[in-house]
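Q: Please take a close look at how the helices pack in this model. I would like the geometry of the crossings, the residues that make them, and a word on one loop beside them.

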Amino acid sequence: MTERALSNAPHSLRFAAEGRGRSADRTLGAIGAGAAGALGLVLVGVAVSVARIAWPSIRATGAALVVGHVWDPSRGSYGALAFVWGTIFTSFIALALAVPIGLGVAVFLTDLGPRRLRKPVSSLVELLAAIPSVVYGLWAALVLAPLIRETLGPEPNVLGGVLFRGPNMGFGVLCASLVLAIMLLPTVASVSRDVMRAVPAELREGALALGATPWDVVRLVVLPHARQGILGAILLGFGRAVGETMAVAAVVGSRAELSLSLLSPAYTMSSVIANEFPVASSEIHVGALAEIGLLLFSLTLAFNIAARLLVARSTGDRAALRPRAGARG
């Protein structure tokens, strides 16, 4: 019933309608709370299940899995330090490539880009996020890796330094980091765009009124006020990079070694699980892979929680700065 009809209805009818409305609200609230609780139970259930599978490895190796650098299941050696290093190394290189471009795209979409181009560019960013990771991996294996091999040459020692040492096979840290950077770009750009849009328009207008250029507004107003949210976007991108599997497994080289060279093959935590879990036969081998998965789960969860808190705090702070209706100056 409409509000006017309820006001003209008898008191008993209005009371019954209001009672049904409150009952429906309580029912929907209970359903929503149950769904939210189910999500939490699923998360806890996954963690507990993985921990149970990993328990034989935890009991047999303990912390030696994380600090050991030799991975040889046939001899009973389970050291995952090379996998942790490969994951962190490729993720940081990918972030170093993706963050400047992602911030540039976000600034273009919020302040500096022509309005007629903002929607098409935003659609392109969303299309990049919609491409499956296995397609990125296939493209990197067939196009990007041969391009790196042909461009740098088989022995790119002329580049010098530690980062380009050793033979160049195309597959390795550099190729994996490049494809990861492309995959991280939509996350960094879209989240940064949202937190920059949350900066109150009054701050932009005030800076422009004082004679600032649009770039000065971005540099002196928008970026300082959105820095927490931008840091959250970077952490979200890092969490995505750490957990990426198929695209990285296709081009990273799948060799467990500790190296600072961008051309050397490597192994990540997610790719070793994907490659070796189907062929793992012993209980300790399966447990070691599950323990790596538990570590990866913990890292990804921690980075995502920290990123969400930073983004929520940034957008909340920006909303608090907006003038409220009826507020007096």
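A: What follows goes from the whole protein to its helix pairs, and then to a loop.

The model is predicted. The protein has 13 helices and 2 strands. Buried residues make up 38% of its 329 residues. The protein exposes about 17,900 Å², and carbon and sulfur atoms supply 67% of that area. Take the contacts between residues at least 6 apart in sequence: 72% of them join residues at least 24 apart.

Now the helix pairs. Two packed helices are described by the angle between their axes and the distance between the axes. Each pair below is given in those terms.

Start with α4 and α7. Helix α4 covers residues 81–112. Helix α7 covers residues 173–197. The axes of α4 and α7 come within 6 Å. The crossing angle is roughly 35 degrees. α4 passes α7 in a right-handed crossing. By class, this contact has 23 nonpolar, 5 polar and 2 charged residues.

Next, α6 against α7. Helix α6 spans residues 133–152. The axes of α6 and α7 come within 9 Å and cross at roughly 135 degrees. An angle over 145 degrees would count as roughly antiparallel, and 65 to 115 as roughly perpendicular. The angle here falls in neither class, so α6 and α7 are oblique to each other. The crossing of α6 past α7 is right-handed. On the α6 side, the contact uses Ser133, Tyr136, Trp139, Ala140, Leu144, Ala145, Ile148 and Leu152. On the α7 side, it uses Leu174, Cys175, Leu178, Val179, Ile182 and Met183. By class, the contact of α6 with α7 has 13 nonpolar residues, 1 polar residue and no charged residues.

Helix α4 also meets α5, which covers residues 115–130. The axes of α4 and α5 come within 10 Å and cross at roughly 150 degrees. That angle is over 145 degrees, so α4 and α5 are roughly antiparallel to each other. α4 passes α5 in a left-handed crossing. From α4, the contact takes Val105, Phe108, Leu109, Thr110, Asp111 and Leu112. From α5, it takes Leu117, Arg118, Val121, Ser122 and Val125. These residues divide into 7 nonpolar, 2 polar and 2 charged.

Last, the loop. It runs between α11 (246–251) and α12 (269–276). Two serines in it deserve a look.

Ser259 lies in this loop, between α11 and α12. Ser259 has a relative accessible area of 18%; the cut-off for buried is under 20%, so Ser259 counts as buried. Setting aside its neighbours within four places in sequence, Ser259 is in contact with Trp85, Phe89 and Ser264. The C-alpha atoms of Ser259 and Ala82 are separated by 8.8 Å. Along the chain, Ser259 and Ala82 are 177 residues apart.

Ser254 lies in the loop between α11 and α12 too. The phi angle of Ser254 is near 55 degrees. That is a positive value in a residue other than glycine. Ser254 has a relative accessible area of 31% and is partly exposed.

How values were computed: Residues numbered from 1 in each chain as written. Predicted model: local features only at pLDDT ≥ 70, side-chain atom pairs only at ≥ 80, totals over all residues. Heavy atoms only, no water. Axes fitted to C-alpha atoms, helices over the stretch in contact; angles between N-to-C directions. Helix = DSSP H or I, 4+ residues; strand = E, 2+ residues; numbered from the N terminus. Parallel < 35°, antiparallel > 145°, perpendicular 65-115°, else oblique. Left-handed = near helix turned anticlockwise from the far one by under 90°. Contact = heavy atoms within 4.5 Å. Nonpolar A, V, L, I, M, F, W, Y, C, P; charged D, E, K, R; others polar. Buried < 20%, exposed > 50% of the residue type's maximum accessible area, 1.4 Å probe, protein only. Areas by Shrake-Rupley, 256 points an atom, 1.4 Å probe, with all protein chains shown as cover.
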